[in-house]
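Trainee: Could you take me through one part of this model in close detail? I would like to understand the cysteines and the buried charge that comes up alongside them.

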Amino acid sequence: APELAVDVEHYAIDLVLDPVARAIEGTCKLRFTAGKNELSTVPLSLEGLRVHSVFDSSGRELAFFQKAGELNVVLANVVSAGAFEELTISYGGSPKKGLWFVRERNGAPTQVFTQGECEDSQWWFPCVDVPADRATSEVRVTMPMGWTSTAAGELVDHQEATGSVTDTW
């Protein structure tokens, strides 16, 4: 396994699906440790989606830059080797891989599924997208009323609102 600058411990992903536009808006909160060296910049993978903002665990808005499948977040303070930090990344767009809108009816998809396999996840959420980086996860998805979600793990919350349903796995 490659030596990674960042070891993600946990992802908390919150997605809002827009099937008509075939788009998502989301936040990804990730808890990580610095690898063997201290970190001043966190290198992540994110392909084809636009980041709106990034905040650290103290609520400070952080600078970031994106290019060709990379998202680099400039930390407010250096994170020592082995120390934990948390980032909350707000992002959105139309995924080209990893998350698929399918089964059209009347011009709109009726289903969505994800297929990441630790190499296409970067197309629907910011991550360390290599099989060697193991992390726990939770996913909260807001979808049209009448849709049903399934996921690995346990459904821990189900909320209905006007026109939408939100499930947390």
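Mentor: Happy to! A disulfide is a pair of cysteine sulfur atoms within 2.5 Å. Keep that cut-off in mind as we look at this predicted model. The structure holds zero disulfides. Cys-28 is in none, and the nearest cysteine sulfur to its own, that of Cys-127, lies 7.6 Å away. Turning to Cys-127, its closest cysteine sulfur is in Cys-28, and because 7.6 Å separates the two, they are too far apart for a bond. As for surroundings, Cys-28 has 0% relative accessibility and counts as buried. Cys-127 is buried too, at a relative accessible area of 1%.

Now for the charge. Asp-129 sits in the loop between β9 (108-114) and β10 (136-144). Asp-129 is buried, yet it has no salt bridge. The nearest side chain of opposite charge belongs to Lys-97, 8.7 Å away, whereas a salt bridge needs a side-chain nitrogen of Lys or Arg within 4 Å of a carboxyl oxygen. What does the side chain of Asp-129 reach at 3.2 Å? The partner is the backbone nitrogen of Ser-121. A polar atom of the Asp-129 side chain also lies 2.9 Å from the backbone nitrogen of Gln-122. To put the picture together, Asp-129 is buried without a salt bridge, but its side chain has backbone nitrogens as partners, in Ser-121 and in Gln-122.

How values were computed. Residues are numbered from 1 along each chain as its sequence is written. This is a predicted model: local features need pLDDT of at least 70, side-chain atom pairs count only at pLDDT 80 or more; totals for chains, interfaces and linings use all residues. Side-chain values use heavy atoms; hydrogens and water are left out. Helices (H or I, at least four residues) and strands (E, at least two) are DSSP runs, numbered from the N terminus. Buried means under 20% relative accessible area, exposed over 50%, partly exposed in between (1.4 Å probe, protein chains only). Lys and Arg count as positive and Asp and Glu as negative; His and the chain ends are not counted. A polar contact is a pair of N or O atoms within 3.5 Å; within protein, one must be able to donate a hydrogen and the other to accept it, and residues adjacent in sequence count only if both atoms are side-chain atoms.
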